Amino acid sequence: MITNRFVVKILKILPPLLLGGVILYWMYRDFDFCRIGDVMRNEMDWTWMLLSLPFGFTAQMFRGMRWSQLLEPIGEQSRRSVRIHAVLLSYASSLVIPRVGEFARCGILKTYDAVSFPKALGTVVTERAVDFALMMMMTAITFFSQLPIFFDFFSKTGTRVDDIFGMFSLTGWLVTAICGVAALILLYYLFKYVSVYRKVKDVFRGLWQGVMSVRRVRNLPRFILFTMGIWGSYFLHYYLTFFCFDFTAELGWDCALVTFVVGSIAVIVPTPNGAGPWHFAVKTMLILYGVADERALYFVLIVHSLQTLLVVALGVYAWVALSFQKKRENISINN
């Protein structure tokens with residue numbers, strides 16, 4: 001017998017998968033997948049890919065270490081290993097249901113280190129607000145720093161802004177609109193979820209304490225250093241992949257920064273690891289920088305697939321590691 005709870009779970013999983021699947025199908029409908037194997041064997045420098053992968057781990061390690069600075073001001077403590085494993089597992093679980101990882105990692109801290117779930121969730125909200133503010137700063141800096149390049153591109157090619165808009169088909173604009181609507185729907189449900197918590201005074205108090213924990217961070221330079229470590233690792237995790245291919249190796253850090261920012265914004269759309277929106281956004285910007293359409297597709301498909309496999313591998317590792325972790329109720333730990 002199908003229960004309402006089962007239907008709700010299906011409705012949480014299917015729409016993100018369908019959205020990502022539709023975008024990917026549209027992008028790769030005429031793509032020769034047989035060429036991928038040849039590109040990976042003969043046209044790709046795996047040294048740079050292997051060098052980039054550790055930064056996918058260090059980003060989450062810094063995130064787990066920074067988390068303690070938001071938990072301490074509200075009287076909560078946890079083991080460093082538990083926090084890092086919780087973060088790793090959260091990203092893997094979000095591949096199944098987008099954004100569920102934020103709640104999963106708070107549940108892990110509650111299970112293993114008896115950390116208040118509402119307070120932990122509040123610190124995650126704070127953490128995301130900090131990351132969002134930094135991303136907006138990066139977006140503004142990138143946009144204004146790249147204006148001369150865009151103007152130079154326009155002057156040399158005789159391309160006008162309205163011509164660029166004309167480069168995208170009706171389907172392309174439709175995909176962009178769908179991504180925008182999906183992001184708005186996600187924000188709506190997030191606010192709706194928080195509003196449910198507000199009905200319970202004690203839970204809301206814990207959530208609010210977690211949100212405001214950033215005001216009482218004891219070592220602000222350390223917090224900033226961890227934050228820079230997170231985003232520096234994210235960027236290197238992506239930028240080093242440019243050197244895997246001849247057609248992106250010469251594009252430079254400025255193109256990498258633009259595509260990194262655009263891709264980071266695209267993953268706000270609730271699909272597994274940004275599949276679909278990330279491909280579309282990064283591919284579009286690479287084309288603007290002169291990369292051929294087919295080669296841009298090779299890049300986004302290979303890079304995103306390998307980085308997603310890393311997320312899965314780290315999630316499996318964290319799950320195994322946590323299975324050997326002892327649960328504690330009273331802890332006093334060196335963070």
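**Figure 1. Arginine 79 and its salt bridge with aspartate 113 in the predicted model.** Arginine 79 has a relative accessibility of 5% and therefore counts as buried, the limit for this class being under 20%. Its partner is aspartate 113, and the closest N and O atoms of this salt bridge are 2.6 Å apart. The pair links distant parts of the chain: arginine 79 belongs to the loop between α3 and α4, whereas aspartate 113 belongs to helix α5 (residues 100-113), 34 residues apart. Aspartate 113 is likewise buried, with a relative accessible area of 2%.

**Figure 2. The salt bridge between lysine 119 and glutamate 76.** The closest N and O atoms of lysine 119 and glutamate 76 are 3.9 Å apart. Lysine 119 is located in helix α6 (residues 117-157) and glutamate 76 in the loop between α3 (46-71) and α4 (80-93); with their positions 43 residues apart, the pair links distant parts of the chain. Both residues, lysine 119 and glutamate 76, are buried.

**Figure 3. A network of salt bridges that includes glutamate 102 and arginine 128.** The linked residues are Arg63, Arg66, Glu102, Arg105, Glu127, Arg128 and Asp131. Within the salt bridge of glutamate 102 with arginine 128, the closest N and O atoms are 2.7 Å apart. This pair links distant parts of the chain, as glutamate 102 lies in helix α5 and arginine 128 in helix α6, 26 residues apart. Glutamate 102 counts as buried at 16% relative accessibility, while arginine 128 is partly exposed at a relative accessible area of 29%. The structure as a whole has a count of 14 salt bridges.

**Figure 4. Charged side chains over aromatic rings.** Arginine 105, a member of the salt-bridge network, lies over the face of tryptophan 67 at 4.6 Å from the ring centre. In a second case, the charged end of lysine 327 is placed over the ring of tyrosine 112, at 5.8 Å from its centre.

**Figure 5. Aromatic pairs of helix α10.** The structure holds 15 aromatic pairs. In one of them, the ring centres of tryptophan 231 and tyrosine 234 are 5.1 Å apart and the planes are at 70°, so the arrangement is edge-to-face, a class that requires an angle over 60 degrees. Tryptophan 231 and tyrosine 234 are three residues apart in helix α10 (residues 220-239), about one turn of the helix, and both are buried. Phenylalanine 235 and tyrosine 239 form a stacked pair, with 5.4 Å from centre to centre and 10° between the planes. Phenylalanine 235 and tyrosine 239 also lie in helix α10, four residues apart, about one turn of the helix. Both phenylalanine 235 and tyrosine 239 are buried.

**Figure 6. A nonpolar patch on the surface.** The patch is formed by Val312, Val316, Trp319, Val320 and Phe324, which together have about 530 Å² of accessible area. Phenylalanine 324 is found in the segment after α14 (293-323). With a relative accessibility of 69%, phenylalanine 324 is classed as exposed, because this class begins over 50%.

**Figure 7. Setting of the close-up views in the whole protein.** The secondary structure consists of 14 helices and zero strands. Of the 335 residues in the protein, 47% are buried. Among contacts with a separation of 6 or more, 77% involve residues 24 or more positions apart. The protein exposes about 17800 Å², of which carbon and sulfur atoms supply 69%.

Technical notes:
Residues numbered from 1 in each chain as written. Predicted model: local features only at pLDDT ≥ 70, side-chain atom pairs only at ≥ 80, totals over all residues. Heavy atoms only, no water. Phe/Tyr/Trp six-rings, centres within 6.5 Å; stacked < 30°, edge-to-face > 60°. Helix = DSSP H or I, 4+ residues; strand = E, 2+ residues; numbered from the N terminus. Buried < 20%, exposed > 50% of the residue type's maximum accessible area, 1.4 Å probe, protein only. Lys NZ or Arg CZ within 6 Å of the ring centre and 35° of its normal. Contact = heavy atoms within 4.5 Å. Areas by Shrake-Rupley, 256 points an atom, 1.4 Å probe, with all protein chains shown as cover. Patch = residues over 30% accessible without salt bridge, like charges linked within 9 Å, V, L, I, M, F, W, Y side chains within 5 Å. Salt bridge = Lys/Arg side-chain N within 4 Å of Asp/Glu carboxyl O.
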